[in-house]
Amino acid sequence: MTIPHKKAPNKTLQIRPSPHISGGASVEKIMANVILALMPTVLFAIYLFGLAALVTILIGTFSCLLTEYLFCKANGKPSSISDNSIIITGVLYSLTLPPGLPLWMVCIGGIIAVLLGKLLFGGLGYNLFNPALVGRAFLQAAFPSAMTTWYPAMNADRFTSLPLSTLTFPFTTPSYDTISSATPLAAMKFDQILTDSSDLFLGLSSGSLGETSSLLILTGGIYLIARRMMRWQIPAGIFITVVIISTITHNISPNTYPSAQFMLFSGGLMLGAMFMATDMVASPITAKGCFIYGLLIGVLVMIIRLWGGMPEGVMYAILFANAVSPHIDRWTQPRPYGYRKTKS
Amino acid sequence: MEIRTKVINSHDKTPSHSDEFIKGLWRENPVFVQVLGMCPTLAVTNSAINALAMGLATFFVIVMSNTLVSLLRHAIPQQVRIASYILIIATFVTLVDYLLQAMSLTLHQALGAFVPLIVVNCVILGRAEAFASKNSAARSFLDGAGMGLGFTLGLLCLGMVRELLGSGSLFGFMLLPDNFEKWTIMLLPGGGFFTLGLWLLVINYFNRRKVQS
């Protein structure tokens with residue numbers, strides 16, 4: 001190394017491999033855009049469920065933030081809150097919860113989501129599974145009854161009072177208001193009551209906070225795809241499989257199996273396909289891999305919905321596909337130019 | 001089944017008799033340090049009483065088989081030693097199986113197939129192969145007792161946490177108030193993995209801190 005001459009202009013020759021032009025994308029920017037894309041869904045959830053949605057989303061996000069902050073502090077690492085990814089985890093996690101879920105359960109799920117789903121694997125970029133879904137899956141297995149009690153949408157006093165169950169004392173069994181309603185999928189599966197598809201599309205039905213309006217979720221997703229911050233192959237793969245399988249089964253037996261429209265717009269499929277399955281860390285890298293990953297999720301969702309014991313299976317389908325995505329990456333590894341496969 | 005053994009006798013002089021007993025409790029705990037015998041550890045620890053019964057059954061088998069293997073260590077030919085150890089272990093497992101059935105049929109049914117499966121518990125075979133076949137009967141007895149007690153403690157650690165959160169009770173007595181919301185997952189296999197992982201986290205944290213200071 002030579003010391004540059006004092007009069008020489010302050011420019012150094014940099015030699016480095018391509019790419020030379022960067023798009024200016026950073027974790028912070030992409031995550032901020034995802035938050036922006038989620039905003040319509042969040043606001044609609046608050047409109048639909050009132051204060052119950054607001055406190056659930058606030059507490060869910062705050063518990064995730066606090067867990068990450070305290071973990072980084074306890075380990076003497078620089079805080080990783082500022083990359084915005086934890087806010088997305090928190091908001092997405094809250095959107096998967098039913099309105100009126102006791103807030104202490106919301107907190108526990110948030111802690112589990114961030115601690116077990118993300119931090120213990122090594123933080124952002126190392127998580128095998130979508131952290132938000134890890135938190136939800138834990139709650140679903142730990143508190144099955146609370147997670148399947150649904151507070152109805154569009155309650156008259158939703159902006160003035162909270163559901164009885166929300167403020168349950170920590171670690172005690174919640175008591176519910178007398179009014180509760182079934183989700184469209186549960187109504188279909190257990191009582192054969194079909195909800196109107198246009199209601200589902202616009203979101204005027206009960207369910208988890210973020211699984212109501214397909215229209216708004218699609219808008220957010222298309223925004224992200226247009227800005228190339230999301231792989232369109234993943235939702236495309238999911239939608240194609242769901243449409244094909246449900247069309248076939250619907251034509252075989254229209255009374256037992258609902259139509260493709262119903263399947264697409266009900267439950268967590270939209271939110272899962274657009275925002276959960278497309279988790280950049282837990283999904284495959286190549287375009288072809290993403291499409292296969294989408295197909296796999298679609299098939300699993302349909303198997304669970306049609307023949308499984310539960311009405312909804314998007315969460316388990318995505319978690320399962322997350323586990324398989326490293327293998328999909330290995331199968332779809334692009335062939336370098338000039339490389340020939342050797343017979344072995 | 002993978003058998004990992006640790007060489008700990010880094011110092012030259014042979015460890016004292018009490019050391020052979022104590023090492024199984026914490027330093028070489030079969031559950032938390034050697035991470036052996038995971039099948040019963042995860043499967044039957046959904047309540048403290050199940051964990052205790054499983055631990056004591058294993059304790060009996062490991063003490064007896066260690067002693068007998070050690071006594072017979074010069075008589076057993078090298079080539080068939082594993083088969084001979086399994087035969088010895090299986091004898092004591094059969095004894096425990098019948099004993100448990102006679103003492104408490106409900107407990108026996110709760111433990112199910114996992115009592116006969118003690119035969120293939122790698123802690124027991126591991127101790128026979130790595131320790132009892134090379135040491136005197138007295139040392140093998142103490143080693144087996146330490147390991148068996150360590151295993152029981154490990155199982156109890158898991159079983160107590162899982163029963164407390166999963167059913168709100170401890171050894172069948174309701175400890176938490178009636179309106180405690182039970183964590184169903186703790187009674188499911190997933191809860192076993194969670195609890196084991198968190199115990200390993202805690203124990204490794206303390207062990208590492210001890211090494212650093």
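**Group meeting talk: two chains, their rings and their charges**

At 30% relative accessibility, A:Ala287 counts as partly exposed, because that value falls between the cut-off of 20% for buried and the cut-off of 50% for exposed. I should say at once that what you see above is a predicted model, and I will treat it with that in mind. A:Ala287 lies in helix α13 of chain A, and, leaving aside residues up to four places away in sequence, A:Ala287 touches A:Arg231 and A:Gln233. If you look for A:Leu319, which is 32 residues from A:Ala287 in sequence, you will find the two C-alpha atoms 20 Å apart in space.

One of those neighbours, A:Gln233, brings us to helix α10 of chain A, which covers residues 233-252. Does the length of this helix fit its number of residues, or what span should we expect? Let me put that more carefully: what should the 20 residues of α10 span at 1.5 Å a residue? The expected span is 28 Å, and the end C-alpha atoms of α10 are 29 Å apart, which agrees. Several residues of α10 in chain A are buried, among them A:Gln233, A:Ile234, A:Phe239 and A:Val242. Against which elements do the buried residues of α10 pack? They pack against α11 (260-265), α12 (269-276) and α13 (287-307) of chain A, and α13 is the helix in which we began, with A:Ala287.

Now let me turn to the aromatic rings. Over all chains, the structure holds eleven aromatic pairs. In one of these, the ring centres of A:Trp104 and A:Phe171 are 5.1 Å apart and the planes stand at 40°, so the pair is tilted. A:Trp104 belongs to helix α4 (residues 103-117) of chain A, while A:Phe171 sits in the loop between α6 (144-147) and α7 (184-191) of chain A, so this pair ties together parts that are 67 residues apart in sequence. A:Trp104 is buried, at a relative accessible area of 7%, whereas A:Phe171, at 39%, counts as partly exposed.

A:Phe171 has a further ring partner in the other chain, since A:Phe171 and B:Trp183 form a stacked aromatic pair, with 6.3 Å from centre to centre and 10° between the planes. B:Trp183 lies in the loop between β2 (173-174) and α8 (189-212) of chain B, and A:Phe171 lies in its loop of chain A, so the pair joins two chains. B:Trp183 is buried, with a relative accessible area of 9%. Stepping back, we can see that ring pairs link A:Trp104, A:Phe138, A:Phe143, A:Phe171, B:Trp183 and B:Phe194 into a cluster.

That cluster leads us to the interface. Between chain A and chain B, 15 residues of chain A are in contact with ten residues of chain B, and the area buried between the two chains is about 1100 Å², of which carbon and sulfur atoms give 72%. Which residues of chain A lose the most area to chain B? They are A:Phe138, A:Phe171 and A:Thr173, which together make up 36% of what that side buries. The count of salt bridges between chain A and chain B is zero.

Salt bridges are present in the structure, however, and a search of the whole of it finds eight over all chains. In chain A, A:Glu312 forms a salt bridge with A:Arg305, with 2.8 Å between the closest N and O atoms; A:Glu312 is partly exposed at 21%, whereas A:Arg305 is buried at 4%.

In chain B, the side chains of B:Lys23 and B:Glu20 meet in a salt bridge of 2.8 Å, N to O, and B:Lys23 is buried at 2% relative accessibility, as is B:Glu20 at 5%. B:Glu20 also meets B:Arg139 in a salt bridge, at 2.7 Å from N to O. Since B:Glu20 lies in helix α1 (residues 17-22) and B:Arg139 in helix α7 (residues 137-167) of chain B, the pair ties together parts that are 119 residues apart in sequence. B:Arg139 counts as buried at 14%. Through shared partners, salt bridges join B:Glu20, B:Lys23, B:Arg127, B:Arg139 and B:Asp143 into one network.

Definitions and conventions:
Residues are numbered from 1 along each chain as its sequence is written. Chains are lettered from A and ligands numbered from 1 in the order in which they are written. This is a predicted model: local features need pLDDT of at least 70, side-chain atom pairs count only at pLDDT 80 or more; totals for chains, interfaces and linings use all residues. Side-chain values use heavy atoms; hydrogens and water are left out. Helices (H or I, at least four residues) and strands (E, at least two) are DSSP runs, numbered from the N terminus. The expected span of a helix is 1.5 Å times one less than its number of residues. Buried means under 20% relative accessible area, exposed over 50%, partly exposed in between (1.4 Å probe, protein chains only). Contact means heavy atoms within 4.5 Å. Rings of Phe, Tyr and Trp (its six-membered ring) pair if their centres lie within 6.5 Å; planes under 30 degrees apart count as stacked, over 60 as edge-to-face and the rest as tilted. A salt bridge is a side-chain nitrogen of Lys or Arg within 4 Å of a carboxyl oxygen of Asp or Glu. Buried area is the accessible area (1.4 Å probe) that two parts lose on being put together, summed over both.
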